[in-house]
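Biologist: Hey, can you walk me through this one? I'm new to reading structures.
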Amino acid sequence: MATIDIPQVTLNDGTTFAELGLGTYKLTGDEGVAAVEAAIGTGYRVLDTAVNYGNEREVGEAVRRAVDAGAVQRDELIVTTKIPGRHHGYEEAIASGRESKATLGLDRIDLLLIHWPNPRVDKYVDTFRGMLALREEGVVRSVGVSNFTEPMLQRLIDETGVVPAVNQVELHPYFPQGALRAFHAEHGIRTESWSPLARRSELLQDPLIRDLAEVYQVTPTQIVLRWHVQLGSTPIPKSSDPERQIENADVFGFALDEEHVAAISGLERGRLWDGDPDTHEEF
Ligand SMILES: NC(=O)C1=CN([C@@H]2O[C@H](COP(=O)(O)OP(=O)(O)OC[C@H]3O[C@@H](n4cnc5c(N)ncnc54)[C@H](OP(=O)(O)O)[C@@H]3O)[C@@H](O)[C@H]2O)C=CC1
Ligand SMILES: O=C(O)C(=O)[C@@H](O)[C@H](O)C(=O)CO
């Protein structure tokens, strides 16, 4: 199959991002490298890893192999990684970013995120300042956050004068994040959806999703991912399987009617699990 042309968007710092990317949580070892390399071959350009996934080495290896094979140019890829809670703090963030770059074995980190805000520790502003220093140093190209609420974003903007390029958050039809997306739109922050398929929960069996799959003659997964695209959020579905990776990326040849986008958003019922950034902490 020919490479899928995933459309691009421009972030608030002028860099390029994609309308859909690849999640890599649990893609480890040789199989993980092969899965990420296959995805790049399919046309995925945004790759999402984290220190805490323990697979930065694998993601970097897949990038090198794909570039060496001529499947992609290095500059077309947006390799994202994340600073874990145990590395919060100005100096700690700098050390963390440098270490991630070394583990990835790449010339730079394209997008570095704070993985969780951990508000009780109260070091996310200093962490972000460390990331800005990494950007100055050229270790990192773009800086963003993950799991930040509106007040946390506002504080970051007020105290550093810098608007994060991306906020990667839990977002799927059960949790469409309407208020947060409106805040992002107002401030020029790109929304990125984690667990966009609600982790293959009963969402893909939902009668509305299945009916729409019939209407549009696509799969339930494609209905859900197209919904993300039309909300203006970049979903990062994870799949270890090259065929499912193709299915997931192939959502740019049809469009949902706005009434169907609204109907899918009407499935809202809350978070999948207890991942409220005000209380949940990860180290
Ligand atoms: N910032 C944060 O705090 C968080 C970030 N993330 C990021 O988001 C990414 C995606 O989220 P994740 O939690 O993995 O969940 P997803 O919603 O992406 O679901 C992944 C599951 O769906 C399955 N799947 C994928 N494609 C299909 C398909 N076409 N048909 C049927 N099943 C399918 C996968 O199985 P298979 O592999 O067998 O195809 C896997 O079991 C993560 O990998 C990670 O990069 C996730 C959680 C938190
Ligand atoms: O996958 C991630 O990025 C996470 O932050 C996970 O720890 C996630 O919070 C999770 O898997 C919880 O069950």
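Modeller: Sure, we'll go through some strands and then the two ligands.

Biologist: What should I know before we start?
Modeller: This is a predicted model, where local features need pLDDT of at least 70, side-chain atom pairs count only at pLDDT 80 or more, and totals for chains, interfaces and linings use all residues. Residues are numbered from 1 along each chain as its sequence is written, chains are lettered from A and ligands numbered from 1 in the order written, and side-chain values use heavy atoms, leaving out hydrogens and water.

Biologist: OK, how many residues of strand β7 are buried?
Modeller: 6 of the 7 in β7 (residues 140–146). Buried means under 20% relative accessible area, with exposed over 50% and partly exposed in between (1.4 Å probe, protein chains only). Strands (E, at least two residues) and helices (H or I, at least four) are DSSP runs, numbered from the N terminus.

Biologist: Which way does β6 run beside β7, parallel or antiparallel?
Modeller: Parallel, and 5 bridges join β6 (residues 109–114) to β7. Strands pair if DSSP finds at least two bridges between them. In β6, I114 sits opposite V145 of β7.

Biologist: And on to β8?
Modeller: β7 pairs with β8 (residues 166–170) in the parallel sense too, over 2 bridges. There, S146 stands opposite Q168 in β8. From β7 the chain passes through helix α5 (residues 150–160) to β8, a right-handed β-α-β crossover. Right-handed means that, with the strands pointing away from you, the path from the first strand over the helix to the second runs clockwise.

Biologist: New topic: which residues are around ligand 2?
Modeller: Y25, Y53, H115, W116, R199, W273 and E282. A residue counts as near if one of its heavy atoms lies within 4 Å.

Biologist: Any polar contacts there?
Modeller: Yes, meaning pairs of N or O atoms within 3.5 Å; within protein, one must be able to donate a hydrogen and the other to accept it, and residues adjacent in sequence count only if both atoms are side-chain atoms. Oxygen atoms of ligand 2 lie 2.4 Å from a polar side-chain atom of Y53 and 2.7 Å from one of E282.

Biologist: What about ligand 1?
Modeller: 27 residues surround ligand 1, and D48, S195, R199, S239 and R244 are the closest. A polar side-chain atom of R199 is 2.7 Å from an oxygen atom of ligand 1, and for R244 the side-chain distance to a ligand 1 oxygen is 2.6 Å. The protein covers 90% of the 890 Å² of accessible area that ligand 1 has on its own (Shrake-Rupley method, 1.4 Å probe; for residues, only the protein chains shown count as cover).
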